[in-house]
Amino acid sequence: MACSAPPSIISSDTPTAPTAWWPNTSRPGAHASIAVVGFALSAYPVGVERGWMTRADALQRSLAALRFFRDSDQRGTPESTGYRGFYFHFLHLDRGTRAWRCELSLIDTALLYCDYFENSRRATYVQRAYAIQNPRGFVGYGEDTWGLSAGDGPRAPRQRIAGRRQSFYGYAARGVPYGPDDGTLAGPSVVASLVFAPEIALPAIRRLLTRGSAIGDRAARASGFNDTVHGGWVSAGTFGLDQGLIVLMIENFRTGLLWRLLRGSAPIRTGLHRAGFRGGWLAEDAPR
């Protein structure tokens, strides 16, 4: 169910949301995304480990967010935050209540955490194979230039590519092998693949960082870039999900910090066991 923006329906007596919110994008007027808040909570330990923030600050922000969600209105009304533990995809930054007519989002609620390691590894290789084949003839695709994902893209006039009239989709969930695909690649999706297939992700990241063009390393951080559009295009805004992926996956690749914290959490292990998960790092003799 897509979100569409209605008139404001937020009551004046709604409790104020915590200062720990992360907006969905850097664009003015952006609402909070519960998935981005989840990435923020996961990124705080990295920030402490790397000296970007104090432990006290990280703790205060984490507790503010978690206590708000714990105590939030769960009636499922337009003035609420969610319904029975499932949260609305987008929330007002100042009040933490439902923004637009957005859905109760299962996947984004889940990201407010998952380990599909082998599937992700295979998907990474499929990404590269598709870019090498480049069946639609876009500019720049190749062995070290790949990465289709949900993200920002150009809204440019249609142009002729490989004998067809190609449209550009703006923000869209791009994918392989069946698309949609308009020549837009997402640098953060390559960085996020680092832990799954470093042998092919590292060369692609180096390629992004040494493109020798005006966009330079912006291509690695921006939500999307497109070399097929006349003159080239790169997203002007930054998206919280992208930045969260970059921080978390680089840290997991370097030290495994987030994975260690996850594996060492008794409530998480207990919850997964109760849900029926067994083996792997949940085994009693597995390293933590």
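Confidence in this predicted model varies along the chain: helix H3 (residues 106-111) has the lowest, with a mean of 72, while strand E9 (residues 184-185) has the highest, at 96. The score here is pLDDT, the predictor's confidence in each residue on a scale from 0 to 100. Helices (H or I, at least four residues) and strands (E, at least two) are DSSP runs, numbered from the N terminus. Averaged over the chain, pLDDT comes to 85, and 88% of the residues score at least 70. Residues 1-16 are another matter: pLDDT stays under 50 there, and the model has 30 contacts for them beyond four places in sequence. A contact means heavy atoms within 4.5 Å. Where pLDDT is low, the predicted coordinates should not be read in detail.

A word on the ground rules. Residues are numbered from 1 along each chain as its sequence is written, and side-chain values use heavy atoms, with hydrogens and water left out. As this is a predicted model, local features need pLDDT of at least 70 and side-chain atom pairs count only at pLDDT 80 or more, whereas totals for chains, interfaces and linings use all residues.

Helix H8 gives a good look at packing. Its 15 residues should span 21 Å at 1.5 Å a residue, and the end C-alpha atoms are indeed 21 Å apart; the expected span is 1.5 Å times one less than the number of residues. Buried residues of H8 are Gly240, Asp242, Gly244, Ile246, Leu248, Met249, Glu251 and Asn252. Buried means under 20% relative accessible area, exposed over 50%, and partly exposed in between (1.4 Å probe, protein chains only). These buried residues pack against helix H1 (34-49), helix H5 (187-192), helix H7 (218-221) and helix H9 (257-263). Take asparagine 252, in H8 (residues 240-254): it counts as buried because its relative accessibility is 8%. Leaving aside residues up to four places away in sequence, asparagine 252 touches Val195, Leu257, Leu258 and Trp259. After H8 comes glycine 256, with a positive phi near 70°.

Over in helix H9 sits arginine 263, which counts as partly exposed because its relative accessibility is 28%. Its C-alpha atom is separated by 9.6 Å from that of alanine 286, 23 residues apart along the chain.

The loops have some backbone quirks. Between strand E8 (172-173) and E9, the loop holds proline 177, and the peptide bond leading to it from valine 176 is cis, with omega near 0°. Proline 180 lies in the loop between E8 and E9 too, and the bond from glycine 179 to proline 180 is cis, with omega near 5°. Arginine 84 is not a glycine, yet has a positive phi of about 50°. This arginine 84 is found in the loop between strand E2 (82-83) and strand E3 (86-87), and it counts as exposed because its relative accessibility is 69%. Asparagine 134, also not a glycine, has a positive phi of about 45°. Asparagine 134 lies in the loop between helix H4 (117-133) and strand E5 (150-151), and is buried, with a relative accessible area of 17%.
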